[in-house]
Amino acid sequence: AAKRAGGNRLEVFNDRMRVSVRERLLAEARLRQALDGDRDATLPVWFQPIVAAADGRILGAEALVRMRTPEGEILAPGHFITAAEETGLVVPLGEHVLTSALRHLLLWQDELGYVSVNVSPRQLSEPGFVPMLAGLLARVPTLAPHRLVLEITETALLATSVDLQERLGAIKALGVRIALDDFGTGYSSLTWLQSVPADVVKLDRSFVAGLADDVRKSSIISAVLWLARSLGMTAVAEGVDAEADWQALRAADCPAIQGYLFSRPLPAPDFDAMLRRSTVLAAV
Ligand code: C2E
Ligand code: MG
Ligand code: MG
Ligand code: MG
């Protein structure tokens, strides 16, 4: 179309833009191919532990999707989530992640309290989302629905066309919990806190990393923790990758933390091995 509009129109694109358009198309093609394949192999769900700040005990895990390319390369979601959102492919992708997360929680139900799954705005606004979720939960009747947490970001609040309150209400009516992901990075965090019936606040990494040496960060963290507690919500600090930050969070009475200090996201078999090791340790 750009070419038809006038011979030299393509020149308004610089090289970097051309590469990114090509990358977007490549991401889309790869995603379609992955969704058509054996999804557990092509779109494996990895797990990162969420631990008690007080003693490092594993409380739950966040499910984080990966893509395994035909060349065997593992791609983080940064390479394909935007394309998934824009094409709507995040709908089947998200259903796969939820299915896999629940299946693994079933497997780990005696050692793991909950699994937390990211849900994109596009998924949330899909009319079939709540029935799909109810259907998946019905397949695992031995798991209490509160053991599933859905993580939504502030952008979901802005991006969804549907009545978000109503949609979140229907999710809560199923007994599923809701977490506000990347909390504090948007520009309407307090509105969000006021209007969304969330159970968990996930403090974004940008407030957490280096908090031990930064009075402003630690003041913000303390205030948000207080606010969350006052509203009857629990909190998880994300991106804890330094011992000093863990100590500072513990001193601030942050209930739970997640980060490279404890573990990176792991393929399910490795997460399984870690769970068994920590259970043995807890039993000693
Ligand atoms: P998120 O939900 O905020 O997930 C946390 C991200 O921070 C993960 O990146 C995790 O690996 C990374 N992280 C955890 N601890 C640390 C740390 O100590 N230091 C640092 N530097 N990073 C840490 P990942 O797996 O690359 O995921 C990136 C984002 O992609 C996620 O951010 C989430 O928004 C999205 N995503 C992941 N899986 C899914 C999914 O199944 N569906 C949807 N819709 N989005 C997903
Ligand atoms: Mg998340
Ligand atoms: Mg997050
Ligand atoms: Mg984040």
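What share of the contacts in the chain with a separation of 6 or more is accounted for by residues 24 or more positions apart? Keep this in mind as you work through the exercises on this predicted model.

**Exercise 1. Describe the chain as a whole.**

*Solution.* Start with the opening question: residues 24 or more positions apart make up 67% of the contacts with a separation of 6 or more. Next, take the secondary structure, which comprises 13 helices and 11 strands. Finally, turn to burial: of the 284 residues in the chain, 43% are buried.

**Exercise 2. Work out which residues hold the magnesium ion (ligand 2), and where in the chain they come from.**

*Solution.* Begin with the donors. Glu62 (OE), Asn118 (OD1), Glu151 (OE) and Asp181 (OD) coordinate the magnesium ion (ligand 2) at 2.0 to 2.2 Å. Written along the chain, these donors give the spacing E-x55-N-x32-E-x29-D. Now place two of them: Glu62 belongs to strand β2 (residues 58-65) and Asp181 to strand β7 (residues 177-183), so this pair ties together parts that are 119 residues apart in sequence. As a last step, check accessibility: Glu62 and Asp181 are both buried.

**Exercise 3. Do the same for the magnesium ion (ligand 3), then find what connects it to the magnesium ion (ligand 2).**

*Solution.* The protein donors here are Asp181 (OD), Asp182 (OD) and Glu238, which is listed with OE twice, and they lie 2.0 to 2.6 Å from the magnesium ion (ligand 3). Their sequence spacing reads D-D-x55-E. Asp182 sits in strand β7, while Glu238 is in the loop between β9 (234-237) and α12 (243-251); the two are 56 residues apart, and the pair links distant parts of the chain.

Are Asp182 and Glu238 buried or partly exposed? With a relative accessible area of 27%, Asp182 is partly exposed. Glu238 has 10% relative accessibility and therefore counts as buried, since the cut-off for buried is under 20%.

The connection is Asp181, which bridges the two magnesium ions across their separation of 3.6 Å.

**Exercise 4. Characterise the packing of helix α4 against helix α6.**

*Solution.* Which two quantities do you need? Two packed helices are described by the angle between their axes and by the distance between those axes. For α4 (residues 90-107) and α6 (residues 129-138), the angle is about 25° and the axes are 11 Å apart. That angle makes α4 roughly parallel to α6, because angles under 35 degrees count as roughly parallel. The crossing of α4 past α6 is right-handed.

Now list the side of each helix that takes part. From α4 come Glu95, Leu98, Thr99 and Leu102, and from α6 come Phe129, Met132, Leu133, Leu136 and Leu137. Sorted by class, this contact holds seven nonpolar residues, one polar and one charged.

**Exercise 5. Compare the surroundings of Ala52 and Asp40.**

*Solution.* Take Ala52 to begin with. Ala52 is found in strand β1 (residues 45-52) and, at 6% relative accessibility, counts as buried. Setting aside neighbours within four places in sequence, Ala52 contacts Arg57, Leu59 and Pro255. Of these partners, look again at Pro255: although 203 residues separate Pro255 from Ala52 along the chain, their C-alpha atoms are 6.0 Å apart.

Then take Asp40, a residue of helix α2 (residues 39-42). Asp40 has a relative accessible area of 45% and is partly exposed. Not counting residues up to four places away in sequence, Asp40 touches His96 and Arg103. For a distance to set beside the previous one, use Gly184: Asp40 and Gly184 are 144 residues apart in sequence, and 33 Å apart in space from C-alpha to C-alpha.

Note on methods
Residues are numbered from 1 along each chain as its sequence is written. Chains are lettered from A and ligands numbered from 1 in the order in which they are written. This is a predicted model: local features need pLDDT of at least 70, side-chain atom pairs count only at pLDDT 80 or more; totals for chains, interfaces and linings use all residues. Side-chain values use heavy atoms; hydrogens and water are left out. Axes are lines fitted to C-alpha atoms, for helices over the stretch in contact, and angles run from 0 to 180 degrees between N-to-C directions. Helices (H or I, at least four residues) and strands (E, at least two) are DSSP runs, numbered from the N terminus. Angles under 35 degrees count as roughly parallel, over 145 as roughly antiparallel, 65 to 115 as roughly perpendicular and the rest as oblique. A crossing is left-handed if the near helix is turned anticlockwise from the far one by less than a right angle, and right-handed if clockwise. Contact means heavy atoms within 4.5 Å. Ala, Val, Leu, Ile, Met, Phe, Trp, Tyr, Cys and Pro count as nonpolar, Asp, Glu, Lys and Arg as charged, and the others, Gly among them, as polar. Donors are N, O and S atoms within 2.8 Å of the metal (3.2 Å for Na, K and Ca); water is not among the atoms, so sites may look incomplete. Buried means under 20% relative accessible area, exposed over 50%, partly exposed in between (1.4 Å probe, protein chains only).
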